[in-house]
Amino acid sequence: VVIAGATGYIGKAVVAESVKRGYNTIALVRSLDKVFSEEGQRLYGETFKGAKVVQVDVSDADQLTKCMSAIDIPVDTIVSCLASPVGTKKEAYAIDYQATLNCLNAGRDPAVKARHFILLSAFCCRRPLLQLQQAKLKFEGELAAQNDLTWSVIRPTAFFKSVSGQLEGIQNGNPYVLFGDGAVTRCNPIAESELAEYMLNCMTDESKCNKIMNIGGPDKPLTNKMLGDVSGCTIFITIIFILDKINSHNI
Ligand SMILES: NC(=O)c1ccc[n+]([C@@H]2O[C@H](COP(=O)([O-])OP(=O)(O)OC[C@H]3O[C@@H](n4cnc5c(N)ncnc54)[C@H](OP(=O)(O)O)[C@@H]3O)[C@@H](O)[C@H]2O)c1
């Protein structure tokens, strides 16, 4: 199993799950230093134990194909957890589209001939308003249009880090981000380990082949208002909402 974007939040979980399953796991990284420095070992040491870490520039199609064809065992599955750090058009098309396409094309190369491709996409691609979503959709289209590899597109709802990030934001003095009026938009986040399990299940479950799949956590989706009611802090959230609206008009 070759994992691109292995150092990312979900990539890390996929590497850990792949190693746990006993698969030969190749983690593609853009800098070995990121993993093998002192700080890198603290962040990735435990997760990457049992995986082979390979440095490659995923933006360089030739280098990537050479890298995959040099792997000394056949490549069965390629998992892309690549994601551009910022959602600008340039970055999104460079990473979420082109670098991801480079991974697919490397897998299609006669010297590699991978069997299956798994893509980490996003639930929000159903309503593509942002460049990031459009770049992802463009790649999804190319993945579905080819016949060399079977494929699975996974569109998760929200990650735990996005929800817990709200608390960090508040602690750093930033406003709570409320979608709509807090009473309609619902959120059902999924844990990274469970998402990684689901993604790798696509390798062996035929019912998950050549399909786009939405996935969220096992619990009922909750609105912000419901969350407030559960935790008894509706008044607190309402105050933040009002103060923020007064301050910025930019919620
Ligand atoms: N946040 C949510 O709630 C949510 C919900 C659903 C879907 N999603 C989708 O999930 C994806 C984000 O996943 P994540 O949080 O795991 O992302 P992440 O932690 O930001 O990881 C992104 C990975 O891509 C790599 N990467 C980025 N730019 C690169 C470049 N130029 N060259 C080589 N590698 C590069 C990063 O490498 P480095 O470590 O070297 O930077 C990292 O390994 C996005 O597509 C998002 O739309 C997010």
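**Group meeting: N188, strand β6 and the aromatic pairs**

Good morning. I begin with N188, which is located in the loop between β7 (186–187) and α8 (192–201). Please bear in mind throughout that this is a predicted model.

Is N188 buried or exposed? Its relative accessible area is 15%, and because the limit for a buried residue is under 20%, N188 counts as buried. As for its surroundings, leaving aside residues up to four places away in sequence, N188 touches T157, A158, G216, G217, P218, D219 and P221. With one of these residues, G217, there is a polar contact: a polar atom of the N188 side chain lies 3.0 Å from the backbone oxygen of G217.

I turn now to strand β6, which spans residues 150–156. Six of the seven residues in β6 are buried, leaving the strand mostly covered. Which strands pair with β6? One is β5, residues 116–120, which runs parallel to β6 and is joined to it by five bridges. Within that pairing, H116 has T150 of β6 as its bridge partner. The other is β8, residues 211–215, again parallel to β6 and again joined by five bridges. Here R155 is matched with N214 in β8. As to the connection, β5 and β6 belong to a right-handed β-α-β unit, with helix α6, residues 131–145, as the helical element.

The last topic is the aromatic residues. How many aromatic pairs are there? The count comes to four. One of them is formed by Y44 and F48, with ring centres 5.3 Å apart. Why is this pair classed as tilted? The planes of the two rings meet at 45 degrees, and a pair is tilted because its angle is neither under 30 degrees, which would be stacked, nor over 60, which would be edge-to-face. Both residues are buried, and both lie in helix α3, residues 38–48, four residues apart, or about one turn of the helix.

Y93 and Y97 form another tilted pair, at 6.2 Å centre to centre and with 55 degrees between the planes. These two tyrosines lie in helix α5, residues 89–108, also four residues apart, about one turn. Y93 is partly exposed, with a relative accessible area of 24%, whereas Y97 is buried, at 9%. Y97 has a further partner: K138 lies over the face of its ring, 4.4 Å from the ring centre.

Thank you; I welcome your comments.

Technical notes: Residues numbered from 1 in each chain as written. Predicted model: local features only at pLDDT ≥ 70, side-chain atom pairs only at ≥ 80, totals over all residues. Heavy atoms only, no water. Buried < 20%, exposed > 50% of the residue type's maximum accessible area, 1.4 Å probe, protein only. Pairing = 2+ DSSP bridges. Right-handed = clockwise from strand over helix to strand, strands pointing away. Polar contact = N/O pair within 3.5 Å; in protein donor to acceptor, adjacent residues only side chain to side chain. Contact = heavy atoms within 4.5 Å. Phe/Tyr/Trp six-rings, centres within 6.5 Å; stacked < 30°, edge-to-face > 60°. Lys NZ or Arg CZ within 6 Å of the ring centre and 35° of its normal.
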